[in-house]
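User: Can you walk me through this one? I'd like the basics on how the chains meet.

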Amino acid sequence: MSESLLEVEGVSVVYHTRQGPLPALRDVGFSVAPGEILGIVGESGCGKSTLSSALVRLLPPNGEITGGQIRLKGRDLVRLSEEQMRALRGRELAMIFQDPLTSLNPAFTVGTQLVDVQAAHRSKRSERRAIRRRAVEMLEQVGIPDPGERIDDYPHQFSGGMRQRIMIAMALMLEPALLIADEPTSALDVTLEAQILELLRQLRREHGTTILFISHDLGVIAQLCDRVVVMYAGHTVEEGDVESIYARPLHPYTQALLAAVPSRMHRGDRLATIPGRVPSLSALPPGCTFADRCPHAQDVCRRDELRYLSVEGRRVRCAMHDPMSGFDRDAQPSQLVESETAA
Amino acid sequence: MAIALPARHRVPLRGLSVARLLREVARRPAGRFGLFVIAALFVIVFFTPWIAPYDPAAQHIIDRLQGPSWRYPLGTDDLGRDLLSRIFYGARVALGVAVPAVVGAVLLGLLLGTVAGYAGGKIDNALVVVFDTLQAFPAVILALVLISLLGPSLRNVIIVIIVSFAPGYGRVSRALVLSVKQNSFVEAERSLGASDFRIAAVHVVPNILAPLCILMAMDIPSAIVVESGLSFLGLGVQPPTPSWGSILSEGFDRVRDTPWPVLWTGLALMITTLGFTMFGETLRDVVDPRFAGLRRLRRP
């Protein structure tokens, strides 16, 4: 996959805490092709947001990228100096956040803030007029009515959905190669969510924007994304295109996640859940981190560190699919999951 | 004036322009009184040479220690100097010291407080220790120490006020920066490539100016009192320049002969203090969102 826009390989992130280092991400790997929408899904605490912060190198002060490579157009972001990285933010990588209500500075008009994105990258004062015109265009593109007038309004004069649109306009001002959307619709209601998703699709259609879309909502991912990366306890456990993953999940965690999505077929039944909970990062078990919740778990799962292997054009981290692991494929799944559907 | 901000910073007062803000303040009786006092004070200060009937240092020994009369509207002091003129010129000194001193204190406090709040960690700890140490000192003692080190003069009084007021602003700025920093727009700006300096100066500071402006309005009278106090003790403005403090101090020696110098100067000090305080408090009520609901209820 040499034509990838973004290649993440073996990335590990540690949070230094008083209780000792917490491995928030371990050996995370995936790639994003230009013009693609890649979804990253996982339950809370699995490292989705850590991953998005790590990609733009804006981890909290106690976070540290301890290994791996993040190659954007072939440049390894992990090795860049802080100053070089800052120049890339906004230009090559931009981010939109979960909460549109606090993501805009209440003290300035949205126009000032849109123009400011460029000012932060030291454009000349004489270009201000052109930049402002561009800001109006961007607002129009993200669907703000009367952008020419509303550009001089303050954030509090816009609704939440509108503010998220403005955030997207801000992020796209410099036409970044990659837009990272960290749960951009979680704070919005479903109608607005659908509108924002449509907007993202339209931006990709019209401008070929590459989007990394982080969500805990499998339904949203299915609607929007081309490919999915499933994360669990700081690992990427499965990566592949949306259709094949949804049709035939390989990793037991993906299977369990999909089984837990409510559907018409199971009307009246209890909703499926995944027994147990995500292991604490401070006490990760050896071997597969999902083993304790996995119906297929065998001794080998708890023993060996797992490889991330390619299976059927996808990648998965599971002993079940590794012919070298010594996994007994004929063993019966245990009764850990009450409504296991074997997809 | 205290809240006359540069055009691009007008907004932090929650979308209210300075003009609207002042209108809003003028609508309440206390605010109107405050505005009137401040405006009158500024008129007096700017036009002192034209409206003062006499040179403040001119002595009319024959007319010494007189009460109010047509010739001397507020009377004369023990050297026969016109009290009205001296109080007018004293106002000049009072504001001339208080305004630059408070502005200086705000700038210094804002700078240090923002650095502390924004940088965090060791820098923050170190600055907080400095603020606390300076504040733990009784202001008067601090002022006396500094003046005895620097020598009494107008400039040194300003320096003393800056040094003793800046930690207060520093702490307030720091606390405000800490809370503004939590907003995700700071993170959003960073993710779009803004530098730390840019975020702090362009995005955080305008968001904390409103509370500081209010504090400023309320601190100007305190600064006037400090100046008067130092001048009263002979450590501030040196004669023959009239200061309210020195007029009071000289009047005090003669209070049994004539109460007028002490009375008028005390009154001037009181009205000024009251005016600024009422203005500041009204401004706070107008800006503070917690009062916004009440305000709407009260005025149909």
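Analyst: Two residues are in contact if their C-beta atoms, placed from the backbone, lie within 7 Å. This is a predicted model, where local features need pLDDT of at least 70 and side-chain atom pairs count only at pLDDT 80 or more, while totals for chains, interfaces and linings use all residues. Residues are numbered from 1 along each chain as its sequence is written, and chains are lettered from A and ligands numbered from 1 in the order in which they are written.

User: How many residues does the contact take from chain A and from chain B?

Analyst: Chain A puts in 26 residues and chain B 18 residues.

User: Which element gives the most on the chain A side?

Analyst: That is α6(A), with three residues. Helices (H or I, at least four residues) and strands (E, at least two) are DSSP runs, numbered from the N terminus.

User: OK, chain B. How many helices and strands?

Analyst: Eleven helices and zero strands. The C-alpha atoms of chain B fill a box of roughly 75 × 55 × 30 Å along the principal axes.

User: Is α7 of chain B covered or not, and what does it pack against?

Analyst: Mostly covered: seven of the eight residues in α7 (residues 184-191) of chain B are buried, meaning 20 or more other C-beta atoms within 10 Å of a residue's own, with C-beta atoms placed from the backbone. The buried residues of α7(B), including B:Phe185 and B:Arg190, pack against β6 and α6 of chain A together with α6 (154-181) and α8 (196-232) of chain B.

User: What comes just after α7(B)?

Analyst: B:Gly193, with a positive phi of about 95 degrees.

Conventions. A residue is buried if 20 or more other C-beta atoms lie within 10 Å of its own, exposed if 12 or fewer, and partly exposed in between; C-beta atoms are placed from the backbone.
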